[in-house]
Each structure stands twice: as C-alpha cells, then as structure tokens.
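Let's go through this protein chain together, one question at a time. Have the sequence and the model open beside you.

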Amino acid sequence: ADTWLPVMNLTAGKCLTSWKSSNDPAPGNYSLRLSQDYGEIVLTYNGDYVYWDTGKWSMNTFSGVPEMSIPYIYRFHFVSPWSPNASFGYTETALEGGKPPLTRFSLDYTGQLKQFTWSPQTANWNMFWSQPENENICKVYGLCGNFGFCNARMLNPCKCLIGFRPVDGVSWDAGGFSSGCRRDSDEDC
C-alpha cells in the first residue's frame, strides 16, 4: 500500500510502495522501509538506491527528523530496533481532551513521503510535512527518468532535454515523470 495509518507498523517484511503514477495504482518505483540494519527508515528507488533517510534512532526520535522532538499529537514506537524483529509505528493523542485528529502518511508516486491531517472545517486533507522537502524534490532518484532534467523551482519539476519528448505523455502530464524522455526523431545518430 502507499498509505501508512496509525497503529500500522513498518517491519522487515512490510513497507510502503508508491503508485506507478497519479492514476495508476500498480506498484511504483519508490518504497519506504526499514534500513538493512533496522535502525532507521529509508526512502528507496527500485528497492536498492537510498535517496533519503531518517537518520539513526536515538531513544525516542530519529536524528535526521528534528520535528519528532516537538511534543505533538504523535507517539512513535520502535520495538526491537537494530534487529530483524524491528517494528516501527505511531499512534495519535488527543489535543486538549478531544478526539485525536485523523492522520496519515502517504508515499507519493513522485517518491515524496507526505504527512497529512484531516481538517473537518475545510473537509480536506492538509499536508504539513514532506521529505524530501519540495525545494529538494530533485534529490528523488530517477524522478525525471532518462534524458529528463529536474528544476525544483518549476511547477512541474521535470522537463525533457532539447530534442527529446516524454516517452509516456499521459503519465508525464499527470506528474509521473519516471518513464523519462526519448528523441524526437527516430533517426540513428
């Protein structure tokens, strides 16, 4: 699945997998999983290439996620870190005696991990945290595919090099850039 809910756990055998594109729920290229030493959480491309990590677990937070040290609605639980039996999850706590808000983490088809909270006032999911952050989206490995280039300052971060066009125009237009670009002409160089 691409969505992580409270009381669900990441383990050696359970990870999040992105969709292939915004409109194709087939398994994509990105996953959120425990690292091979079971002491941190990593974002990977094709299961092998790590392009973001939480940093090592230290008592009650990950060293690379300073936001975890701020008391808030989440309680994180890491059972048996550093072992093959490791299990990481979270629960929510209520604010000021009320019910806890609805929350979820989602691994986007672009390789970004996003954290959302439901707003009953606007009847909408509000994103308030993501990694890699928007200005670092170009750190996502393989985001623009072959012969594509990334510019985080643009609305659509991926463009094809001059003389190239998207391999899959429908996915490209929907924000799924990983299929990359191909030459405009079919002539051999």
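Q: How much of the area that the protein chain exposes do carbon and sulfur atoms supply?
A: This is a predicted model, so local features need pLDDT of at least 70 and side-chain atom pairs count only at pLDDT 80 or more, while totals for chains, interfaces and linings use all residues. Residues are numbered from 1 along each chain as its sequence is written, and side-chain values use heavy atoms, with hydrogens and water left out. The protein chain exposes about 11,000 Å² (Shrake-Rupley method, 1.4 Å probe). Of that area, carbon and sulfur atoms supply 52%.

Q: What share of the residues of the protein chain counts as buried?
A: Buried means under 20% relative accessible area, exposed over 50%, and partly exposed in between (1.4 Å probe, protein chains only). Of the 189 residues, the share that counts as buried is 39%.

Q: How many strands does the secondary structure of the protein chain have?
A: Helices (H or I, at least four residues) and strands (E, at least two) are DSSP runs, numbered from the N terminus. Alongside one helix, the chain has 17 strands.

Q: Which residues have the most contacts inside the largest nonpolar core?
A: A nonpolar core is a set of buried Ala, Val, Leu, Ile, Met, Phe, Trp, Tyr and Cys residues joined through side-chain atoms within 4.5 Å. The largest one here has 35 residues, and the elements that give two or more residues to this core include strand S4 (24–34) and strand S5 (41–45). Those with the most contacts inside it are Trp4, Leu32, Ile41, Phe62 and Phe88.

Q: Which residues does Met8 touch, not counting residues up to four places away in sequence?
A: Met8 lies in the loop between strand S1 (3–4) and strand S2 (9–11), and Met8 is partly exposed, with a relative accessible area of 34%. Its C-alpha atom is separated by 8.8 Å from that of Thr91, 83 residues apart along the chain. Counting a contact as heavy atoms within 4.5 Å, Met8 touches Thr3, Phe88, Gly89 and Tyr90.

Q: Which residues are closest to the centre of the largest pocket?
A: On a 1 Å grid over the protein atoms alone, a pocket is an open set of points where a 1.4 Å probe fits, with protein on both sides within 12 Å along at least five of seven lines; lining residues have an atom within 4 Å of a point. About 450 Å³ of space lies in the largest pocket, a volume being the space filled by probe spheres set on the points. Of the 23 residues that line this pocket, the closest to its centre are Val65, Glu67, Met68, Phe76 and Gln115.
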